[in-house]
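Reader: I'd like to walk through this one step by step. Can we take the charged pairs and the packing of helices in turn?

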Amino acid sequence: MDLYQKDVVSIMDFSKDDIEGILDMAEEMVPYAKGEKIKRSLDGKILGNLFFEPSTRTKLSFESAAYRLGCDVIDVSEMSMTSMAKGETLADTIKIVDAYCDVTVLRHPYEGASKMAAKFSDHPVINAGDGAGSHPTQTLLDLFTMKRSKGSIDGLNIALVGDLKYGRTVHSLADALTMFGAKLTFVAPESLQMPSDIVDSLRRKGCEPYQTSKLEEVVGSADVLYVTRIQRERFPDPAEYQKVAGTYRIDNKILREAKSDLIVMHPLPRVDEIASEVDGTEHA
Ligand code: CP
């Protein structure tokens, strides 16, 4: 696995072997992430953390990881606080950040923004979520969680639930899980089903996802329920959002039908799609 100076734009930038190598390394890094061991392997480096869409987890996780490894961080959280507010292009902004930093982490509302940024950067660019496109680092984390919890991902029965149209995490995750030979079920209202180009691409790679709108069809057989928020901010028409808001809610009553070792995952933030009572169960 040679990832030195490599961009992370899409999970498809990695082979299955690469991902397995990253997951093994992540396991070794857990004590450092918790601050139980110290490693300053990025001493003297600077990370540029550009978050042009709201984030709690991803932004802070990059900052925390950088500081734990001795890397300094410079960041911007508002486009309005950069010279883009004066009409500068993203390409020019990225070139400047690239000149000051050793790596750029970018969250942006437009699909393809990280791919474009990578073209204009000499240093690596990491996609921290590009609109409704993809979220490859979230997928690495999700695979890590599944592997830790289940031992192996091969052959798991995994249901992706909720907003599969606009949900960037499920786009990346479906690609990765296909590499790992998982069995996929897509549970969504018809208007929020997985985009057909993604389904076609998964089929070409040997995955035959089952698509349904009925959560109760899958709860009893799933090994993993991966639940996502219906993303109000991506709907061009608020009336369309209202038609599907609150479609699914995982609570302890529904989970009575589940296998005892089912795990419920969510990339977060959640709104009301998982009841907080689930947090206290073995499924969470
Ligand atoms: N999972 C995730 O991307 O969360 P944030 O939007 O809080 O970063």
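Reader: Is Arg 229 buried or exposed?
Author: Keep in mind that we're looking at a predicted model. Buried means under 20% relative accessible area. Arg 229 has 18%, so Arg 229 counts as buried.

Reader: And which residue does Arg 229 meet in a salt bridge?
Author: Side chains of opposite charge can pair when their charged atoms come close. Here the N to O distance is 2.8 Å. The partner of Arg 229 in this salt bridge is Glu 233.

Reader: How does Glu 233 count, at 47% relative accessibility?
Author: The class between buried and exposed runs from 20% to 50%. Glu 233 sits at 47%, so the label for Glu 233 is partly exposed.

Reader: How many salt bridges does a search of the whole structure find?
Author: The pair of Arg 229 and Glu 233 is a salt bridge, and so is the pair of Lys 6 and Asp 18. Searching the whole structure gives a total of 16.

Reader: How far apart are the closest N and O atoms of Lys 6 and Asp 18?
Author: A salt bridge needs a side-chain nitrogen within 4 Å of a carboxyl oxygen. Lys 6 and Asp 18 do form one, and their closest N and O atoms are apart by 4.0 Å.

Reader: Where in the chain are Lys 6 and Asp 18?
Author: They belong to distant parts of the chain, 12 residues apart. Lys 6 is in the segment before helix 1 (16-33), while Asp 18 is in helix 1.

Reader: Which of Lys 6 and Asp 18 is buried?
Author: Lys 6 has 30% relative accessibility, so Lys 6 counts as partly exposed. The relative accessible area of the other residue is 14%, so the buried one is Asp 18.

Reader: What is the N to O distance between Glu 53 and Arg 168?
Author: Both residues are buried. Their side chains meet in a salt bridge, with an N to O distance of 2.9 Å.

Reader: How many residues apart are Glu 53 and Arg 168 along the chain?
Author: Glu 53 is in the loop between strand 1 (46-51) and helix 2 (57-68). Arg 168 is in helix 6 (residues 168-179). The separation along the chain is 115 residues.

Reader: Which residue is linked with Glu 53 and Arg 168 in a network of salt bridges?
Author: Glu 53 and Arg 168 already pair with each other. The network they belong to also takes in Arg 234.

Reader: Now the helices! How is helix 5 placed relative to helix 6, oblique or parallel?
Author: Two packed helices are described by the angle between their axes and the distance between the axes. Helix 5 (residues 136-150) and helix 6 have axes 8 Å apart, at an angle of about 55°. That makes helix 5, relative to helix 6, oblique.

Reader: Is the crossing of helix 5 and helix 6 left-handed or right-handed?
Author: The contact involves, among others, Leu 143 and Met 146 of helix 5 and Leu 173 and Leu 177 of helix 6. Its residues divide into six nonpolar, four polar and one charged. The crossing itself is right-handed.

Reader: What relative accessibility does Thr 139 have?
Author: Thr 139 lies in helix 5. Beyond its sequence neighbours up to four places away, Thr 139 touches Ile 11, Thr 169, Ser 172, Leu 173 and Ala 176. Thr 139 counts as buried because its relative accessibility is 0%.

Notes: Residues are numbered from 1 along each chain as its sequence is written. This is a predicted model: local features need pLDDT of at least 70, side-chain atom pairs count only at pLDDT 80 or more; totals for chains, interfaces and linings use all residues. Side-chain values use heavy atoms; hydrogens and water are left out. Helices (H or I, at least four residues) and strands (E, at least two) are DSSP runs, numbered from the N terminus. Buried means under 20% relative accessible area, exposed over 50%, partly exposed in between (1.4 Å probe, protein chains only). Axes are lines fitted to C-alpha atoms, for helices over the stretch in contact, and angles run from 0 to 180 degrees between N-to-C directions. Angles under 35 degrees count as roughly parallel, over 145 as roughly antiparallel, 65 to 115 as roughly perpendicular and the rest as oblique. A crossing is left-handed if the near helix is turned anticlockwise from the far one by less than a right angle, and right-handed if clockwise. Contact means heavy atoms within 4.5 Å. Ala, Val, Leu, Ile, Met, Phe, Trp, Tyr, Cys and Pro count as nonpolar, Asp, Glu, Lys and Arg as charged, and the others, Gly among them, as polar.
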